[in-house]
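Welcome! Here is a short briefing to help you find your way around a structure that may be new to you. Please have a look at it first, and then read on.

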Amino acid sequence: MGGLRELAASFVAPCPSGVAVRTRLKQLTPADETVLALVGAHLGALASRDLRVRCAEGLEHSAETWAARKRGLTPVSSSRWAGSLTKATPDQWALARRGQLAHVQSLEAGIRTIAHRLSLPVGAKGSKHAPGGYRSRREWHAKARCLHVLEDRLERERADHEAGVVHVVRGGKRLARTRHHLADAGLTASDWRRRWEAERWFLQADGESGKRFGNETIRASPDGEVSIKLPAPLTDLANAPHGRYVLACRVGFAHRGQEWADRVAANRAVAYRIHYDVDRGRWYLTASWQIPVVQAVSIAATLAHGVIGVDMNADHLAAWRLDVHGNPTGPPRRFFYDLTGSADHRDAQVRHALTRLLNWARTCGVQAIAVEDLDFGAEKTREKHGLRKRFRQLISGMPTGRLRARLTSMADQTGITIIAVDPAYTSRWGAQHWQKALTHKNRKTTRHDAAAVAIGRRALGHPIRRRTAPPRAHQRDVHGHRTVQADRRAPGREGPRPPVPGPRTRSVPPDRGANAGNQNAQHRSGRSAEHESWQQDSLPLSL
């Protein structure tokens, strides 16, 4: 047990702080689509220019430089559009900055691992916690050259990070690189150009409480009318007063529609984003707003009706319901999904699996779901797992962070609390203590089902061990105390056991049950009832 790491305490996953709902802009006229494309292209060019200025500032950004950028954008757009542009630019710079720091940390981890493996003899075997040496002299030489490349790259990244220099591509680096591999992507030059332009458009505006319908730039009324404040160079396209353009369609939100309507009617802030899906040829409107932070309830209150332990795997969620004592009740449940294909398909598969999980939890009356606090960010490198390519692909395809975030947001409306537990040894100890015990001729318990039980017991505060290990010969004198028993400082731990009514052994007749607990009343060898004046004492052991 000395090699096991210390387990982190379980905690309640924080509730979401915002809401985003999306709907389709249906029945748009060709004029509407033309206006949206012109406005998006014009504002996108301004956003690119503002991002270039912000990246050039580096760490010298201040309120004065932000005000100067906004004053420069106002004449060619509007005051509100300039505010939206100058607010989105720092967010994009900060995102690139966090990604740069993560890349530096990844390079440092890779360099440490390679340096450790190079220091070992060729062919040295690794341990459970550290990889061994490289298999051949040729691989050792290749990794030595790779180490120098990574060190040079790390030096450049550190210098950029210290200077505040980030490298950002509006539209995405992946799509920019796809331009050089159109045949592999199955795209033509015109198809790629449409994607590239649509990704670089800018049609989003933050809300403002107290203004009409919560947003003056992109406005959606309670009856579904959508209008846009046109930039200054495009005001001749307006079809409504005050330089606004009203779309011909009407919108409504199927999810949280009433909540959105209440906010709009009360003139509370709502942010909107309009984007174009090139593959489907459709326009969408996304509304988002902040929600008040709910005070997190205690773990003890959420576990009053038991918990559902969930073990995430590459193709399914293994779940099992546990009562408050940590005992599995009912059969295990498995919620399958397919994580192949596009990102939208994978996201939809995760949503459907989580929806079935939450519906089952509400049917059971459970108010808590326990999941592992997984993070495979530092576990995907080839240096850590060697040539286990399939395993690296497996953990890379598991959306651990996104699954917990989406589960938390979906469970917020159902009154179910998500508890994150330490993932250490859940699969190993679950299989050791629960897989065989829960398997019978009508049910085959998998290792993942047993891990779900271990996760649930850890959330409840119980040990994963199913029962106390049986005592061995002279355990207290030779082997020490049992593995699970009261602490030596616990009051009454050395006291007598509580009396058990009825006979203590099967050999006692039913009519002797009253004297079963009184050993002095029974004439047995060595009892105090036999120590009369005529009885000879035992010989001393020293003779």
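The notes below go from the whole chain to one sheet, then to a strand, a single residue and some charged pairs.

This is a predicted model. The protein chain holds 16 helices and 13 strands, and 36% of its 543 residues are buried.

**The chain as a whole**

- Among contacts in the protein chain between residues at least 6 apart in sequence, 64% join residues at least 24 apart.
- A search of the whole structure turns up 14 salt bridges, and some of them are described further down.

**The six-stranded sheet**

- Six strands make up an open sheet with mixed pairing, in the order β1-β13-β12-β9-β10-β11.
- The edges are taken by β1 (11–12) and β11 (328–336); each has a single partner strand, so one side of each is left without a neighbour in the sheet.
- Helix α10 (residues 343–364) lies across β9, β10 (316–322), β11 and β12, and runs at about 10° to β10.
- Helix α15 (residues 447–460) lies across β9, β10, β11, β12 and β13 (417–421), and its angle to β10 is about 50°.

**A look at strand β9**

- Six of the six residues of β9 are buried, so this strand is largely enclosed by the rest of the structure.
- Val307, Gly309 and Asp311 point one way from β9, while Ile308, Val310 and Met312 point the other way.
- On one pairing, β9 (residues 307–312) runs parallel to β12, and two bridges join them.
- Within that pairing, Gly309 has Ala370 of β12 as its bridge partner, and Ile308 stands opposite Ile369 in β12.
- With β10, β9 pairs in the antiparallel sense over six bridges, and a hairpin of three residues joins the two strands.
- Ile308 appears here too, with Arg321 as its bridge partner in β10.

**Glu372, a buried charge**

- Which strand holds Glu372? Glu372 is found in strand β12, which covers residues 368–372.
- Glu372 is buried yet has no salt bridge. The nearest side chain of opposite charge belongs to Arg458, 6.5 Å away, whereas a salt bridge needs the charged atoms within 4 Å.
- What does the side chain of Glu372 make a polar contact with? Its partner is the side chain of Thr426, at 2.5 Å.
- Leaving aside residues up to four places away in sequence, Glu372 touches Val310, Asp311, Val421, Pro423, Thr426 and Ile455.

**Salt bridges elsewhere**

- The side chains of Arg80 and Glu208 meet in a salt bridge, at 2.9 Å from N to O. This pair links distant parts of the chain, 128 residues apart: Arg80 is in helix α3 (residues 79–119), and Glu208 is in the loop between β3 (204–205) and β4 (218–220).
- Arg80 counts as partly exposed at 35% relative accessibility, and Glu208 counts as partly exposed at 35% too.
- Glu108 and Arg158 form a salt bridge through their side chains, at 2.7 Å from N to O. Glu108 lies in helix α3 and Arg158 in helix α4 (residues 137–163), so the pair ties together parts that are 50 residues apart in sequence.
- Glu108 is partly exposed, with a relative accessible area of 24%, and Arg158 is partly exposed at 38%.
- Glu216 and Arg219 meet in a salt bridge at 2.6 Å, N to O. Glu216 counts as partly exposed at 21% relative accessibility, whereas Arg219 is buried at 12%.
- Lys87, Asp91 and Asp206 are joined into one network by salt bridges that share partners.

Conventions: Residues numbered from 1 in each chain as written. Predicted model: local features only at pLDDT ≥ 70, side-chain atom pairs only at ≥ 80, totals over all residues. Heavy atoms only, no water. Helix = DSSP H or I, 4+ residues; strand = E, 2+ residues; numbered from the N terminus. Buried < 20%, exposed > 50% of the residue type's maximum accessible area, 1.4 Å probe, protein only. Lys, Arg positive; Asp, Glu negative; His and termini not counted. Polar contact = N/O pair within 3.5 Å; in protein donor to acceptor, adjacent residues only side chain to side chain. Contact = heavy atoms within 4.5 Å. Pairing = 2+ DSSP bridges. Axes fitted to C-alpha atoms, helices over the stretch in contact; angles between N-to-C directions.
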